[in-house]
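Thank you all for coming. I would like to walk you slowly through one structure, and I will explain each term when it first comes up.

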Amino acid sequence: MSFDEEWSAARATAAANVSMRLNHVPVEPGGSGGSGGNLELNQDHIGAIGTEAYKLHSRLQTDGKHAATATSEAAGALTKESFASGSALLKVNAMWESQVKTLVAACANVSNGLNYSLSSHAKDEQQLHADFTSSAIDKYLK
């Protein structure tokens, strides 16, 4: 089986598993999602995940490029000596750098998205509190 065939099969299996989990409704109360359908936002957990995503982002920016210089030098030396592996090594290095950039962007997206969610949720809570407070005041004034 080629890599592409194996990768396609793995992706199909993962997609089927995700689909089953998303479409699953727990039979017993208290199972996953047992909060009665209400969204619960634990700011400490979300903040910790955002922090870890930011740390991973920072580490990937530096550690993901750790071997770039040595790889380029090796590829240049191999190419200079007419080895076909020199150009192949350059392709591998370019693909590696592309994948690292993708991971860095994904980590930034997760971190920023979670920070935005926390901030947005806090603003929504303040607005709801203000709305309820003002409606109670209006009730007493009338």
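Let me begin with a single residue, Lys55, which is partly exposed because its relative accessible area is 45%; on this scale buried means under 20% relative accessible area, exposed means over 50%, and partly exposed is in between, with a 1.4 Å probe and protein chains only. Lys55 forms a salt bridge with Glu52, and the closest N and O atoms are 3.4 Å apart, where a salt bridge is defined as a side-chain nitrogen of Lys or Arg within 4 Å of a carboxyl oxygen of Asp or Glu. Glu52 has a relative accessibility of 48%, so Glu52 too counts as partly exposed.

Before I go on, please keep in mind that this is a predicted model, in which local features need pLDDT of at least 70 and side-chain atom pairs count only at pLDDT 80 or more, while totals for chains, interfaces and linings use all residues. Residues are numbered from 1 along each chain as its sequence is written, and side-chain values use heavy atoms, with hydrogens and water left out.

Now the overall picture. The protein chain has four helices and zero strands, and along the sequence this reads as α-α-α-α; helices (H or I, at least four residues) and strands (E, at least two) are DSSP runs, numbered from the N terminus. Of the 142 residues in the protein chain, 12% are buried.

Where do Lys55 and Glu52 lie? Both are in helix 2, three residues apart, about one turn of the helix. The general background is that an α-helix has 3.6 residues a turn, so residues three or four places apart point the same way. The structure holds two salt bridges, and in the other the side chains of Arg59 and Asp63 meet at 2.7 Å, N to O. Because Arg59 and Asp63 are four residues apart in helix 2, about one helical turn separates them. Arg59 counts as exposed because its relative accessibility is 54%, whereas Asp63, at 41%, counts as partly exposed.

Helix 2 itself covers residues 43–63, which is 21 residues, and it reaches 30 Å from its first C-alpha to its last, close to the 30 Å expected at 1.5 Å a residue; the expected span is 1.5 Å times one less than the number of residues. Ile46, Gly50, Ala53, His57 and Leu60 are buried in helix 2. These residues cover an arc of only 90 degrees around the axis, and therefore they sit on the same side of helix 2, the arc being that of the directions from the helix axis to the C-beta atoms. On the other side of helix 2, Asp44, His45, Arg59 and Thr62 are exposed.

Let us move on to helix 3, residues 68–80, whose 13 residues should span 18 Å at 1.5 Å a residue, and whose end C-alpha atoms are indeed 18 Å apart. Which residues of helix 3 are buried? They are Ala68, Thr71 and Ala75, and because they fall within an arc of 65 degrees when seen down the axis, they line one face of the helix. Thr69, Glu73 and Lys80, on the other side of helix 3, are exposed. After helix 3 comes Ser82, whose phi is positive, near 70 degrees.

Thr71 deserves a second look, with its relative accessible area of 18%. Leaving aside neighbours within four places in sequence, Thr71 is in contact with Leu89 and Asn93, where contact means heavy atoms within 4.5 Å. Asn93 is found in helix 4, and at 9% relative accessibility Asn93 counts as buried. Not counting residues up to four places away in sequence, Asn93 touches Ala68, Thr71 and Ser72. Helix 4, residues 84–141, also holds Lys91, which is exposed, with a relative accessible area of 64%.

I will finish with the rings. A search of the whole structure finds one aromatic pair, formed by Phe3 and Trp7, which are stacked, at 6.2 Å centre to centre with 15 degrees between the planes. Rings of Phe, Tyr and Trp (its six-membered ring) pair if their centres lie within 6.5 Å, and planes under 30 degrees apart count as stacked, over 60 as edge-to-face and the rest as tilted. Phe3 and Trp7 both lie in helix 1, residues 3–23, four residues apart. Phe3, at 61% relative accessibility, counts as exposed, and Trp7, at 49%, counts as partly exposed.
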